[in-house]
Amino acid sequence: MAFKPLTPLAFFFSISIILSHSYSSAGKISIYWGQNGNEGTLAETCATGNYDFVNIAFLTTFGNGQKPVINLAGHCDPSSPNGCTILSSDIKSCQAKGIKVMLSIGGGVGSYYLSSADDAKQVASYLWNNFLGGESSSRPLGDAVLDGIDFDIEGGTNLYWDDLARYLSNYGKKCKKVYLTAAPQCPFPDYYIGKALQTGLFDYVWVQFYNNPPCQYSAGMKSFEEAWKDWNSIPAGEIFLGLPASPEAAGIGFIPSGDLKSQVLPSIKGSAKYGGVMLWSKYYDTGYSSAIKNDV
């Protein structure tokens, strides 16, 4: 068959399709911020240009009638007169750069659990009015409207998290979309929020492939790839590879940037739900995100 040159219009559309595909398949980086006062400000974190998502960590106390408590380590004192409302301008600065800012609830240390579906409804109402698109006279982070809620549930019980996800999602249907993200452990399914993740309501799921010997990279590529395949089976938007940003950031599970770029990322980037890499945390990210961002 003879070669037939493309018309200028056809050539334009061909290039557009190629560029569109390249952009859509590009990975993103998510970071946790808020657990070390020496990690820099939120605005400085976003100004690096390395991150697409920042999870403000953590709302450590909530549920079962408890007074909600946000703990941002040395960044601000929520019990002081102005509390952490000073973060409002930083949040807006991040969002102006196209970065989604989430409130992460839970964490490794805290007092949180849901006692009933009605309790989940009350917590959702609190989150909506105090951090999202609702209204409250005592918004802990000021008048900035966060983009969504991140579920980092590592304790309490495994009940009613699916109800919380539904209630939050319903708020988003009425007004501004509420993004839902989660950070489950890599053993599949996650004990605490496995059921919630089956609702299909989560936009981004950054799976913690560290401090979990059976499924992290050090267990061998076969075990790692099987776990990654399991996580790609859930009805979620995009799946991220969660990693420590330095050897000191976690007990085990750190992957040197060279190994990540040459071995790990090539094995998962072809999966349909690949979204990128999540890092714990900003304090420990002293160069890791810069080293990997062009390969993610």
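This report walks through a predicted model of one protein chain, from its overall build down to single residues.

## The whole chain

Let us start with the broad view. The protein chain has 296 residues, and 48% of them count as buried. Its secondary structure comes to 9 helices and 10 strands. Taken along the principal axes, the C-alpha atoms fill a box of roughly 75 × 45 × 40 Å.

How does the radius of gyration of the protein chain agree with that of a compact globule? For 296 residues, a compact globule would have a value near 19 Å, and the protein chain has 20 Å, so the two agree.

The contacts tell you something about how the chain folds back on itself. Among contacts between residues at least 6 apart in sequence, 72% join residues at least 24 apart. On the outside, the accessible surface comes to about 13500 Å², and 54% of this area belongs to carbon and sulfur atoms.

## The annotated domain

The UniProt record, an unreviewed entry, carries the annotation "domain: GH18" for residues 27-296. In the model, this span is 29% helix and 21% strand. Look at where the span begins and ends: the C-alpha atoms of its two end residues lie 5 Å apart.

## Charged partners

How many salt bridges does the structure hold? The count is 7. One of them joins E238 and K28, whose closest N and O atoms are 3.2 Å apart. E238 lies in strand β9 (residues 238-244) and K28 in strand β1 (residues 28-33), so this pair ties together parts that are 210 residues apart in sequence.

Helix α5 (residues 161-174) offers another kind of pairing. R166 and D162 both lie in this helix, 4 residues apart, which is about one turn. Their side chains meet in a salt bridge with an N to O distance of 3.2 Å. R166 also meets D163 in a salt bridge, here at 3.8 Å from N to O. R166 and D163 are 3 residues apart in helix α5, so about one helical turn separates them. These contacts belong to a wider set: D162, D163, R166 and K195 are linked in a network of salt bridges.

Are these helix residues buried or partly exposed? R166 is partly exposed, with a relative accessible area of 37%. D162 is buried, at 7%, and D163 is buried too, at 18%.

Here are the three salt bridges described above, side by side.

| Salt bridge | N to O distance |
|---|---|
| E238 and K28 | 3.2 Å |
| R166 and D162 | 3.2 Å |
| R166 and D163 | 3.8 Å |

Helix α5 also holds N170. With a relative accessibility of 34%, N170 counts as partly exposed. You can use N170 to compare distance along the chain with distance in space: N170 and P214 are 44 residues apart in sequence, and their C-alpha atoms are 36 Å apart.

## A buried charge without a partner

D90 sits in helix α3 (residues 87-96). D90 is buried yet has no salt bridge. Which side chain of opposite charge is nearest to D90? That side chain is K97, 9.1 Å away. A salt bridge needs a nitrogen and an oxygen within 4 Å. Leaving aside neighbours within four places in sequence, D90 is in contact with T41, L42 and A43.

## Backbone details

Now for the backbone. Most residues other than glycine have a negative phi, and most peptide bonds are trans. The model has some spots that go the other way.

A cis peptide bond joins A57 and F58, with omega about 5°. F58 lies in strand β2 (residues 53-62). Another cis peptide bond joins F188 and P189, where omega is about -10°. P189 is found in the loop between β7 (179-182) and α6 (194-197).

Positive phi values turn up as well. N64, in the loop between β2 and β3 (69-70), has a phi near 55°, a positive value in a residue other than glycine. N64 counts as partly exposed, at 36% relative accessibility. A73 is found in the loop between β3 and α3, and its phi is near 50°, again positive in a residue other than glycine. A73 is partly exposed too, with 35% relative accessibility.

Notes:
Residues numbered from 1 in each chain as written. Predicted model: local features only at pLDDT ≥ 70, side-chain atom pairs only at ≥ 80, totals over all residues. Heavy atoms only, no water. UniProt positions renumbered as here; feature names shortened; annotations may be inferred. Buried < 20%, exposed > 50% of the residue type's maximum accessible area, 1.4 Å probe, protein only. Lys, Arg positive; Asp, Glu negative; His and termini not counted. Contact = heavy atoms within 4.5 Å. Rg over C-alpha atoms; globule rule 2.2 N^0.38 Å. Areas by Shrake-Rupley, 256 points an atom, 1.4 Å probe, with all protein chains shown as cover.
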